[in-house]
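Let's take a friendly look at one protein model together. Keep the sequence and the 3D view at hand while you read.

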Amino acid sequence: MVSVAKPSFTTDQATGLTLYPPLTDRQQEVLTFVYQKVNRDKAYPTQREIAAACGYHQAAAQQFLDALVKKGYLVKDPSIARRNIRLTELAMEKMMSTNQLEMPMR
């Protein structure tokens, strides 16, 4: 069973643009790292890898991941013990629109 939060994005009726949930600088840093790791290595990072790459304690990395799940950018699959986070369509759209990066594996 995959844990999915209801995304809190909306679409501007006048322009048709997607209005993404706001992220703090650190949340953006974590999301960018996850996106780039998947794009580069074709594998999702562990919480420990995220913490080490971003210079956080594992507890802080967990808080950022939880916030990204709540905002609809990530989902967690509790049936997988490690590397259980996944980017959502919302996250991929946001990262491709802000960074013009390639779409990573699913």
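The largest pocket in this predicted model has a volume of about 220 Å³. On a 1 Å grid over the protein atoms alone, a pocket is an open set of points where a 1.4 Å probe fits, with protein on both sides within 12 Å along at least five of seven lines, and lining residues have an atom within 4 Å of a point. The volume is the space filled by probe spheres set on the points.

Of the 13 lining residues, Thr-46, Gln-47, Arg-48, Arg-82 and Arg-83 are the closest to the pocket's centre. Helix α3 gives the largest share of the lining, three residues. Helices here are DSSP runs (H or I, at least four residues), numbered from the N terminus.

Now turn to the pair α1 and α2. Their axes, lines fitted to C-alpha atoms over the stretch in contact, come within 10 Å and cross at roughly 115°. In α1, Glu-29, Val-30, Phe-33, Val-34 and Lys-37 meet Glu-49, Ile-50, Ala-53 and Cys-54 of α2, where contact means heavy atoms within 4.5 Å.

Here is how two groups of residues divide (Ala, Val, Leu, Ile, Met, Phe, Trp, Tyr, Cys and Pro are nonpolar; Asp, Glu, Lys and Arg charged; the others polar).

| Group | Nonpolar | Polar | Charged |
|---|---|---|---|
| Lining of the largest pocket | four residues | five residues | four residues |
| Contact of α1 with α2 | six residues | no residues | three residues |

Lys-37 also forms a salt bridge with Asp-41 (2.8 Å, N to O), meaning a side-chain nitrogen of Lys or Arg within 4 Å of a carboxyl oxygen of Asp or Glu. These two are about one helical turn apart because they sit four residues apart in α1.

Residues are numbered from 1 along each chain as its sequence is written, and side-chain values use heavy atoms, leaving out hydrogens and water. As the model is predicted, local features need pLDDT of at least 70 and side-chain atom pairs count only at pLDDT 80 or more, while totals for chains, interfaces and linings use all residues.

Terms used: Axes fitted to C-alpha atoms, helices over the stretch in contact; angles between N-to-C directions.
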